[in-house]
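Colleague: Got a minute to walk me through this one? I'm new to it.

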Amino acid sequence: MALPPIFDKLRLPAVGAPQFIVANPELVIEQCKAGIVGAFPALNARPKERLEDWLLRIRDELAAYDEAHPDAPAAPFAVNQIVHKTNERLDHDVEMCVKHKVPIVITSLGARPEVNEAIHSYGGIVLHDIINVTFAKKALEKGADGLIAVCAGAGGHAGGLSPFALVQEIREFFDGPLLLSGAIANGRAILAAQAMGADLAYIGSAFIATKEANATEAYKQMIVDSSAGDIIYTNLFTGVLGNYLKGSIVKAGLDPDNLPVSDPSKMSFAGGEGSKAKAWKDIWGAGQGVGAVHEVVTTAELVARFKREYDEAKRALCG
C-alpha cells in the first residue's frame, strides 16, 4: 500500500519524533524545511493557550517557505497527543488540532476512537505508536491510519522487541503506513528500516543535539559524549519502561545499576514512585543510537548528513 499523498513532499523517508520538552516550533520548522516531518507534543506548549500560537507560527512560516521555494516545499508537520487518562488537556488540544487542521496527529499511551474521528473530520491522518502486536491491532481497530513501531533501543518510552521481529509480525496483517523507531541515527539505518518493511524512519535522540532543540547545553553534550552502553532501561521515573542517559541518573544522585522498580499504576510524567528526580527535566531520555552523534549541529546539517548517508547506502546496495 502506498503512503498517503500527505507524505509526497518528503525528501527523505523520515519523521522527527515528538520529544517531550525538547521539540519546539524552531526545531519542527527546520525539520520540515529540510524535508522530513517535524513533530512536537501538544503538552510542550505551556500554558495550553500557547498551543494555538505555536500552530499559527508553524503554519505561517512553512507557508512562507513554500512560497519562496516552490520546487522544494516543506514537509508536513505533526502534533503528538498523549491520550492517557492523566492528560487533562486532551480535549482542548485536540480541538486546536481540528481548528487548525493539523495534517498529522501522533497518538500515544492509549487509543481513543473519538480522537481519531475528530482528526479524520477534516482529512487529517492519525499515527499511533505501539510496542507490540496486541497494541497495534487495538490501535487499528479504534481507527488509527498508521502505526509507529517503537522498538528496543528507542529513546524515552520504548518497547523491548527487536525491530526485525515486530515489523515482520505487523506486516503479516497490516499493509498501511508503518514507521519504525529504535536507535536510528544515520542514513544507513533509515534505509535499513525500509528494507525491513517500514515505510518511514522515526528519529528522536539525534535531534536533541541540534542547535534548535529545547535542551540544555549539558543535555546536548551528554548525547554527544554517550554511546549505547550509557543507556539505561527502567520504569522508575514515569512508571513506563523507557531509555535514559546513565549520566543524568548519576547526576541525580541515583545508582543506575541498582534502580528500584516503579508501580506502573502510578504512571506520572513528573517522576516515578520513590524518585525526587523528574523525568525529562532531570533524567534525560535518549536512545541507543546516540553513539552516531558526535557534535551539536543545526537541524538542516543533521538532515543533510542523513540524506547523504542514505543515498550512499542505496548506491552501495543497488549499484
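Modeller: Sure, here is a short tour of the core, a small sheet and some backbone oddities. This is a predicted model, where local features need pLDDT of at least 70, side-chain atom pairs count only at pLDDT 80 or more, and totals for chains, interfaces and linings use all residues. Residues are numbered from 1 along each chain as its sequence is written, and side-chain values use heavy atoms, with hydrogens and water left out.

Colleague: Which residues touch the most other members of the largest nonpolar core?

Modeller: Phe40, Phe77, Ile190, Ile203 and Ile223, out of 73 residues. Such a core is a set of buried Ala, Val, Leu, Ile, Met, Phe, Trp, Tyr and Cys residues joined through side-chain atoms within 4.5 Å; buried means under 20% relative accessible area, exposed over 50%, partly exposed in between (1.4 Å probe, protein chains only).

Colleague: And which helix gives the most to this core?

Modeller: Helix α2 (residues 50-68), with six residues. Helices (H or I, at least four residues) and strands (E, at least two) are DSSP runs, numbered from the N terminus.

Colleague: Switching topic, where is the cis peptide bond?

Modeller: Between Arg46 and Pro47, with omega about 0 degrees. Pro47 sits in the loop between β2 (38-41) and α2.

Colleague: What's the phi of Ile21?

Modeller: Positive, about 70 degrees, though Ile21 is not a glycine. Most residues other than glycine have a negative phi.

Colleague: Is Ile21 buried or partly exposed?

Modeller: Partly exposed, at 32% relative accessible area. Ile21 lies in the loop between β1 (14-16) and α1 (25-34).
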